[in-house]
Amino acid sequence: MMNFPLSPRRNLAAAPKLLKRAVVFAGGAVAGTVVSAAASYVLVSALFPQPPAPGAAVAPAAIAARAPANIAPADPDLSRVARAPAPQALPAPDAAAAVASNLTPTERAENTARRLRAAPAPADMDALVVATKSQPDIALPAPEADTTPATFAARAAADAAVRDSAAIAATPSLRPEPRPETLAALTPPRAAPDIAPIRPRPRPDALVLAAATPAPVEAIPALRPRPRPAQAETRQLAAATVPDTAVAPAPRRASGGLFSSGGTCGPALARSIPKRSGNAPSAQPFFASLGASGSGRDQQIINELARGNMPGFLRDLQPVAFRGTDARGAEAEIVVCVTPDYLALGSDSDYVRVPLGLPAAASIANRFGMTLPTPRMVDAIYSQASVRLSPAPMTPGPQMSSTDYFLRHNATIEGQLRGRGGLVAGQKKDVVMASRMANAPGRVAIYGWHRNSGSPIQPVSTVHGANYADYSHGIRLVSKTAYLNGKAVNLDDLLASGRYAWLLNEEGPLPGPVIRIASR
């Protein structure tokens, strides 16, 4: 739809209405402005009152009301502060005050000064009155003209008297006042509480008398074996007279473990042991001519062993299996090959098991490509042995290391064995390699001699020197070729392995020096 402009006539008719509206709007705006300004003025006046004019009179009562009650002295050495005297009331304004507002500022000041001079002086002016902003008409007193030394001395004496009689007390001390002597004499001293002594109270006499005659205490069993009864000793001597019989070990097959296929023990792993010569001496003539003891005896023995003078059944190594989980959680089987009995010198029909010190044992083990067992290996040998003999201890003493004890104990073992062959255990302690040897240089480690229950008489011990040996010690050799899951490996590597050593040694990987000292 189209829009058409209004005609001139219509514009003239609408003009009065528009004018009225404009007047109404303008009037409303002016009225609103006036009202807003008035309200703002009232609000500002209420919040921020204006001070009186410079020449306006101020009532004395108002000045007194605004004056502070106490005024701090300006001089810190003054110890007495007095209340300021009330200002004197000014005379009532006369008729001339009506026209004071018409005076100039200078004229008003002169008029005020004249009225103050005409007012009477205050009665007490000993204290200082500090003029403040709310007391513009109060002035400080003029200084006295007399300033001679005598005047100052008199003032000092007066000030001292004032300080002595001042009403303000000195600051009390933090320490308590001393107790009067009479009160201290009347107050009885408190008894100290009984504190139980730290040390125990003395025993009654009856207990002391009873302790003076103690009951016999059972002796702690020593690590060395106890002496055998006399009857058993007689049987040992009888067994020594039994003629030697040849030992024919029963043939044994390799371990039938899960991973033992292809891994065999037997004479093949003992090829480093020389064959025994036909003119080699047997045990009886050799020990009959042996006069040395200790390391000298060990040297003569290993010289004969190095030439192969040992019974043939010791070359038929026997398998001992270890099955379990390695350090990575995988199932593993390790087979070690050990001599079926302890190291012996002589022929198959005449031999004697020979105890040796650690240096001699390690030397012959290295000569044959073998090493010494660990305590865990000794436990496994006993548990898997086909023949388990009971320990046969002899009377302890210095004679334990004698050659005679060696021969007698060997005869006792042969009497127990009765010609049986195979893997034999339980008849002697073992010279072993143990982790603690790393912290005990120059010591030999001994372990074993299992009872019928399977527990050893001798725990791991390093109390003896390296060259020590007695009748109860035996040397069982272990081939350095072992089988890990059916594969031939070096036993020294397994003993040093963080993954597999736990299967062969209760304390985990053996230190390198211990491994080397066992077959040097």
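**Helices 9, 10 and 12**

Okay, let's start with helix 12, where the buried residues are Thr403, Tyr405, Phe406, Arg408, His409, Asn410, Ala411, Thr412, Ile413, Glu414 and Leu417. Keep in mind that this is a predicted model. With 11 of its 15 residues buried, helix 12 is largely enclosed by the rest of the structure. Its length checks out too: at 1.5 Å a residue, the 15 residues from 403 to 417 should span 21 Å, and the end C-alpha atoms are indeed 21 Å apart. Right after helix 12 comes Arg418, with a positive phi of about 55°.

Now over to helix 9, residues 295–306. This one has 12 residues and goes 16 Å from first C-alpha to last, close to the 16 Å you'd expect at 1.5 Å a residue. Buried here are Arg297, Asp298, Ile301, Ile302, Glu304, Leu305 and Ala306. So what covers them? The cover includes helix 8 (283–288), strand 3 (344–346), helix 10 and our helix 12 again. And following helix 9 there's Gly308, again with a positive phi, near 90°.

Let me zoom in on helix 10, residues 358–367. The axes of helices 9 and 10 come within 10 Å and cross at roughly 10°. Angles under 35 degrees count as roughly parallel, so that is what we call helix 9 relative to helix 10. Which residues meet there? From helix 9 you have Asp298, Ile302, Leu305 and Ala306, and they meet Ala360, Ser363, Ile364 and Arg367 of helix 10. By class, that contact has 5 nonpolar, 1 polar and 2 charged residues.

How values were computed
Residues are numbered from 1 along each chain as its sequence is written. This is a predicted model: local features need pLDDT of at least 70, side-chain atom pairs count only at pLDDT 80 or more; totals for chains, interfaces and linings use all residues. Side-chain values use heavy atoms; hydrogens and water are left out. Axes are lines fitted to C-alpha atoms, for helices over the stretch in contact, and angles run from 0 to 180 degrees between N-to-C directions. Helices (H or I, at least four residues) and strands (E, at least two) are DSSP runs, numbered from the N terminus. Angles under 35 degrees count as roughly parallel, over 145 as roughly antiparallel, 65 to 115 as roughly perpendicular and the rest as oblique. Contact means heavy atoms within 4.5 Å. Ala, Val, Leu, Ile, Met, Phe, Trp, Tyr, Cys and Pro count as nonpolar, Asp, Glu, Lys and Arg as charged, and the others, Gly among them, as polar. The expected span of a helix is 1.5 Å times one less than its number of residues. Buried means under 20% relative accessible area, exposed over 50%, partly exposed in between (1.4 Å probe, protein chains only).
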